[in-house]
Amino acid sequence: MNKIKIFVATALLIVTAQISTQAQTATPKIGYTNVDYVLSLMPESKQIESDLKTYSTQLETQLQTKVKEFETKGEAYQKGATTMTDVIRKDKEKELMNLRSSIEEFQRNAEISLQKKQQSLLEPAYKKMQKAIDDVAKSNGYTYVFNSDAGAGTAAILLHAPEDGNISDLVLKQMGITPPAKGAPAPAVQAPAASNTTPVKATTPATGKKNK
């Protein structure tokens, strides 16, 4: 009888050990990184920023040219409106309204174009980073890797996490980038962004009539 009890107890210990081992194996290993931080240290970051600034400047120059034309013709209209015939005055007013509409449309299209340009420039860098993240996760046994910061103007995905789960430096090393030394000033943590230029508002010169 005692032998049976010992056998059962031993069997239970073995099964319990197996279950415990399986539970440990099944427990996911979770890591995290800051995508913007990693991107800011990639060599591509400076070039992306430069290309975006150049593109933004080109758009801004075109916009300023349109605004200047609008202002010049607006001033000419204001000076000569009292001496114009009704036909000429209405034609000038229509021209100014069309110019204003053209400027507003250009502003909208420029913003969309700038966003698309940014996405196209960032895509190769993000793909490169994703491969590094995948490689680090695979070689270090991470089941999931989260982005610790969703970006400017958004709430962080991770509000608290152990430092040993931060794989940012491993990802940088995987791409051949030396991470900043511990305690060194951290770089500005943000993805390369298009230059924030204040849109120029085009206003129609007074014509003596209310614009609808």
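## Surface and burial

Accessible areas come from the Shrake-Rupley method with a 1.4 Å probe. In this predicted model, the protein's accessible surface is about 14700 Å², and carbon and sulfur atoms account for 56% of that area. As for the interior, 29% of the 212 residues count as buried.

## Overall layout

Let's walk along the chain. The protein has five helices and two strands, arranged in sequence as α-β-α-α-α-β-α.

How do the contacts spread along the sequence? Taking contacts between residues at least 6 apart in sequence, 84% join residues at least 24 apart.

## Helix H4

Helix H4 covers residues 86–140, and it deserves a closer look. Its 55 residues, at 1.5 Å a residue, should span 81 Å. The C-alpha atoms at its ends are 79 Å apart, which agrees with that expectation.

Where does H4 kink? The kink lies at Leu122 and comes to about 35°; the proline Pro124 follows shortly after. Just past the helix comes Gly141, with a positive phi near 75°.

## Rings and charges

Here is what the aromatic side chains are doing. Two lysines lie over tyrosine faces: Lys29 is over Tyr142, at 4.5 Å from the ring centre, while Lys117 is over Tyr55, at 5.4 Å from the ring centre. Lys117 falls within the residues 86–140 that make up H4.

How many aromatic pairs are there? With ring centres required to lie within 6.5 Å, the count is zero.

Methods:
Residues are numbered from 1 along each chain as its sequence is written. This is a predicted model: local features need pLDDT of at least 70, side-chain atom pairs count only at pLDDT 80 or more; totals for chains, interfaces and linings use all residues. Side-chain values use heavy atoms; hydrogens and water are left out. Helices (H or I, at least four residues) and strands (E, at least two) are DSSP runs, numbered from the N terminus. The expected span of a helix is 1.5 Å times one less than its number of residues. The bend at a residue is the angle between axes fitted to the seven residues ending there and the seven starting there. Rings of Phe, Tyr and Trp (its six-membered ring) pair if their centres lie within 6.5 Å; planes under 30 degrees apart count as stacked, over 60 as edge-to-face and the rest as tilted. A charge sits over a ring if NZ of Lys or CZ of Arg is within 6 Å of the ring centre and within 35 degrees of the ring normal. Buried means under 20% relative accessible area, exposed over 50%, partly exposed in between (1.4 Å probe, protein chains only). Contact means heavy atoms within 4.5 Å.
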